[in-house]
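Dear colleague,

I am passing on the structure we spoke about, and below it you will find my notes on what came out of it. Please read them with the model open beside you.

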Amino acid sequence: MEGKEEDVRLGANKFSERQPIGTAAQGAGDDKDYKEPPPAPLFEPGELKSWSFYRAGIAEFVATFLFLYITILTVMGVSKSNSKCATVGIQGIAWSFGGMIFALIYCTAGISGGHINPAVTFGLFLARKLSLTRAIFYIIMQCLGAICGAGVVKGFQQGLYMGNGGGANVVAPGYTKGDGLGAEIVGTFILVYTVFSATDAKRNARDSHVPILAPLPIGFAVFLVHLATIPITGTGINPARSLGAAIIYNRDHAWSDHWIFWVGPFIGAALAAIYHQVIIRAIPFKSRS
């Protein structure tokens with residue numbers, strides 16, 4: 001009995017009953033079990049001399065090319081059928097977008113970060129995760145890849161492509177431009193917020209016991225947003241995807257709403273960056289300078 005009493009006494013001294021909770025627990029202790037990457041410089045001229053810089057741009061080009069190729073082909077397959085029951089339908093289109101994002105991020109994350117989307121690049125730039133030099137280069141390569149991907153689909157089946165909207169994003173009849181803009185803002189916010197959360201160094205260290213791939217929640221977020229907003233705008237949330245389809249399809253009604261698919265995603269990405277960095281992570285502005 002004396003031995004057991006001694007064990008209880010030692011345990012009580014070692015593990016106090018008053019444990020910090022909530023925000024106090026988050027701030028308890030100065031030691032970190034993760035390493036926060038330093039803010040990227042605004043301009044990084046040295047990157048232009050590095051092969052890894054151009055390799056990352058090529059990876060973004062190829063990934064966006066494949067993304068547009070598979071997804072637009074899926075849209076054309078659904079559009080050409082008289083009966084939606086004979087095709088994969090809206091759910092299949094959503095799966096093609098989400099599934100391709102999952103696969104392509106998994107393949108390219110270690111090379112370029114696997115952005116495949118100017119809105120994602122813009123949000124990460126605002127959070128100082130990459131330089132302006134790299135952000136501009138990525139966006140250019142993403143847009144070129146999207147144009148080429150949509151162009152190959154048109155080359156395979158031009159009549160079907162031009163006769164079924166070419167996968168171009170437009171605001172559907174019955175919805176206003178404001179509806180479309182709001183759908184793009186919220187949809188992109190969900191995507192970029194998921195990107196920040198899935199790649200957060202602090203979260204990964206805290207939840208290291210949870211074996212989850214970062215591309216999985218990102219791809220699933222894309223899938224869910226498509227389910228919700230395909231009936232409204234065809235779902236952009238990716239300016240490169242919208243630009244590539246609009247340029248290759250090249251009809252007036254595809255261009256009349258095109259601004260929505262740049263302004264909406266960029267606003268959504270900016271809001272997600274601010275929300276995650278300032279509210280969720282509470283990173284002070286002075287440390288981002």
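I begin with Asp200, which counts as buried, since its relative accessibility is 8%. Please keep in mind throughout that this is a predicted model. Asp200 sits in the loop between helix 8 and helix 9 (201-206), and, leaving aside residues up to four places away in sequence, it touches His276 and Arg281. Asp200 and Ala214 are separated by 14 residues in sequence, and their C-alpha atoms lie 9.7 Å apart in space.

As for the overall build, the chain has 13 helices and 0 strands, so that the pattern read along the sequence is a run of α elements. Of its 289 residues, 44% count as buried, and the accessible surface of the chain comes to about 15200 Å², with 65% of that area belonging to carbon and sulfur atoms. Among the contacts between residues at least 6 apart in sequence, 81% join residues that are at least 24 apart.

The UniProt entry, which is unreviewed, carries the annotation "transmembrane region" for residues 53-76, 88-115, 135-153, 212-232 and 259-280. Two of these annotated spans can be set beside the model. For residues 88-115, the end C-alpha atoms lie 27 Å apart, and the span is 71% helix and 0% strand; for residues 135-153, the end C-alpha atoms also lie 27 Å apart, while the span is 100% helix and 0% strand.

Helix 5 (residues 118-126) is mostly covered, with 7 of its 9 residues buried. The buried residues in question are Pro118, Ala119, Val120, Thr121, Gly123, Leu124 and Phe125, and they pack against helix 6 (132-156), helix 8 (177-198), helix 11 and helix 13 (260-280).

On the surface, by contrast, there is a nonpolar patch formed by Leu48, Trp51, Tyr54, Ile58, Val62 and Leu66, which together have about 550 Å² of accessible area. Val62, one of the residues of this patch, belongs to helix 3 (residues 51-79) and counts as partly exposed, because its relative accessibility is 39%. As a general point, an α-helix has 3.6 residues a turn, so residues three or four places apart point the same way.

Two backbone details deserve a look in the loop between helix 10 (215-233) and helix 11 (239-249), where Thr235 is placed. Thr235 has a positive phi of about 65 degrees although it is not a glycine, and it counts as buried, because its relative accessibility is 0%. Ile237, in the loop between helix 10 and helix 11, is likewise not a glycine and has a positive phi, here of about 50 degrees; Ile237 is buried too, with a relative accessible area of 3%.

Finally, a word on cysteines, in case you were wondering how many disulfides the structure holds. The number is 0. A disulfide, in general, is a covalent bond between the sulfur atoms of two cysteines. As to how far two of the cysteines are covered, Cys107 is exposed, with a relative accessible area of 54%, whereas Cys148 counts as partly exposed, at 34% relative accessibility.

With best wishes

Notes:
Residues numbered from 1 in each chain as written. Predicted model: local features only at pLDDT ≥ 70, side-chain atom pairs only at ≥ 80, totals over all residues. Heavy atoms only, no water. Disulfide = S-S within 2.5 Å. Buried < 20%, exposed > 50% of the residue type's maximum accessible area, 1.4 Å probe, protein only. Patch = residues over 30% accessible without salt bridge, like charges linked within 9 Å, V, L, I, M, F, W, Y side chains within 5 Å. Areas by Shrake-Rupley, 256 points an atom, 1.4 Å probe, with all protein chains shown as cover. Salt bridge = Lys/Arg side-chain N within 4 Å of Asp/Glu carboxyl O. Helix = DSSP H or I, 4+ residues; strand = E, 2+ residues; numbered from the N terminus. UniProt positions renumbered as here; feature names shortened; annotations may be inferred. Contact = heavy atoms within 4.5 Å.
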